[in-house]
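Please look at the sequence and the fold together before reading on. The paragraphs below are meant to be followed with both in view.

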Amino acid sequence: MTKNISLLGSTGSIGTQSLDVCRMHGFKVKCLTANSKVDIIENQVREFKPELVCLMNEDAAKDLKARIADTQTKVVCGMQGLIECAVYDGADTVLNSVVGMVGLQPTLEAIKSKKTIALANKETLVAGGHLVTNLAKENGVSILPVDSEHSAIFQALQGCPDEKAVKKIILTASGGPFFGKKLSELENVTAAEALKHPNWDMGAKITIDSATMMNKGLEFIEAKWLFDMRNEDIEIVVHRESVVHSAIVYQDNSVIAQLGVPDMRIPIQYALTYPERKPSPVEELKLSDYGKLTFFEPDYETFKCIDVCKNAIELGGLHPAAANGANEVSNRLFLEGKIKFGDVAYLNNKAMLEAKDIKDFTLSDVLEADSAARNYVLETVGC
């Protein structure tokens, strides 16, 4: 069980809930990182007393350094600072909960430093693919999933006798705030409406991704890499109550699922305590409180982002990185009211198809594909 943690992305939803788990179990937080939320991270520094803290924004880092001058915590900034936290000698586990492609490079460097990876940053595997999984195998590093769906699959697999026993995996999706709507009904929806998720309390970017269901497409790609599955053996099912977090189907058609209240502290804690089970800050699931659990096929015509991701991983190479890079921009543009809901899938798909067809790609290839996809969206929109 881990004792010393470097937490990348400590001020976001996953980060603050991770600190709840660390607080409960007395884990030592050696490093903290954030983008620019100085007030929040100052309070975290004073409570958890990390040895190293990074803010991506240089001005914010200078502000924090002045504020915590009375502590022993060293302040660094930018990507190099983020990597410094990822490879920090005093930590044995890196919990990567940053949002977006920024999480890829520190993950790769942490793997090279033989850290255990607790991964909440799905973009690492979506964009990095075989770079990440091959490097982890070479270094004997475990990648423990923190996303609720992938954690559920990982937990269900603990009783698996061998890899041939698994027939397929089932990824559940809440369906977001627009479940049951047709694309024509969503033409003029606002970001404020899209941010009203029915079950989960998440950051803005992930909540919008849930509304477009791009999030589930990205998780489809992530599942392929985490569990070495064929595309056709991954099924997406909409489950409105968010109680069944995902499941696996064995060759005998037995289905093993992981259930719990919709609270991210369950998968966070399992990644940090694996293979042990510990008391949790999360309330116990009472099925009678729900009465019924429902399941539906996704509406692929309305939520076209799912197929953007499925097609990207089918094409392989740099196409998933391009789909992800495009989405990071189109997601932001929708949040800012500069494009419409339906434009997100259109732009993501067009940018994805523009990616260079390179199968044995390098990190520089990934970064180039990401940049090209972002620029494609911006140029198409005229921003």
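What follows is a walk from the strands to the core, the empty spaces and some single residues.

This is a predicted model, in which local features need pLDDT of at least 70 and side-chain atom pairs count only at pLDDT 80 or more, while totals for chains, interfaces and linings use all residues. Residues are numbered from 1 along each chain as its sequence is written, and side-chain values use heavy atoms, with hydrogens and water left out.

A good place to begin is strand 10, which covers residues 244-250 and has seven of its seven residues buried. Buried here means under 20% relative accessible area, with exposed meaning over 50% and partly exposed lying in between, for a 1.4 Å probe and protein chains only. Helices (H or I, at least four residues) and strands (E, at least two) are DSSP runs numbered from the N terminus, and two strands are said to pair if DSSP finds at least two bridges between them. Strand 10 pairs in the antiparallel sense with strand 8 (residues 166-173) over five bridges, and it pairs in the antiparallel sense with strand 11 (residues 255-259), also over five bridges. Ser-246 of strand 10 can be followed in both directions, since it stands opposite Leu-171 and has Gln-258 as its bridge partner in strand 11.

Strand 10 and strand 11 form a hairpin with four residues between them. Asn-253 is found in the loop between these two strands, and its phi is near 70°, a positive value in a residue other than glycine. Before strand 10, in the loop that follows strand 9 (234-238), lies Ser-242, which likewise is not a glycine and has a positive phi of about 55°. Ser-242 counts as buried because its relative accessibility is 5%. Most residues other than glycine have a negative phi, and most peptide bonds are trans. The peptide bond from Tyr-274 to Pro-275, however, is cis, with omega near 5°, and Pro-275 sits in the loop between helix 12 and helix 13 (287-290).

The interior can be approached through its largest nonpolar core, which has 113 residues, and those with the most contacts inside it are Ile-169, Leu-272, Phe-334 and Val-366. Helix 15 (residues 319-335) gives the most to this core, with seven residues. A nonpolar core is a set of buried Ala, Val, Leu, Ile, Met, Phe, Trp, Tyr and Cys residues joined through side-chain atoms within 4.5 Å. Contact means heavy atoms within 4.5 Å, and, leaving aside neighbours within four places in sequence, Val-366 is in contact with Met-101, Leu-104, Ala-127, Leu-131, Leu-318, Ala-321 and Phe-361.

Helix 4 (residues 78-86) offers another view of burial, with Gly-78, Gly-81, Leu-82, Ile-83, Cys-85 and Ala-86 as its buried residues. Among the elements that cover these residues are strand 1 (4-8), strand 2 (28-34) and helix 5 (104-112).

Empty spaces come next. On a 1 Å grid over the protein atoms alone, a cavity is a set of points where a 1.4 Å probe fits but cannot get out, a pocket is an open set with protein on both sides within 12 Å along at least five of seven lines, and lining residues have an atom within 4 Å of a point. By this rule there are two cavities of 30 Å³ or more. The largest cavity holds about 60 Å³ of space, and helix 16 (residues 341-353) gives the most to its lining, with four residues. The second largest cavity has a volume of about 40 Å³, and ten residues line it, of which Ser-148, His-245, Gln-258, Ile-266 and Pro-267 lie nearest its centre. Helix 8 supplies the largest share of that lining, three residues.

The second largest pocket has a volume of about 790 Å³. Its lining is made of 23 residues, with Trp-225, Leu-226, Phe-227, Asp-228 and Met-229 nearest the centre. A volume is the space filled by probe spheres set on grid points, which are joined across faces, edges and corners.

Two aspartates close the tour. Asp-20, in helix 1 (residues 13-25), counts as partly exposed because its relative accessibility is 26%. Asp-20 and Ser-280 are 260 residues apart in sequence and 9.8 Å apart in space, C-alpha to C-alpha. Asp-162 lies in the loop between helix 8 and strand 8 and is partly exposed, with a relative accessible area of 40%. Asp-162 and Ala-345 are 183 residues apart in sequence and 38 Å apart in space, C-alpha to C-alpha.
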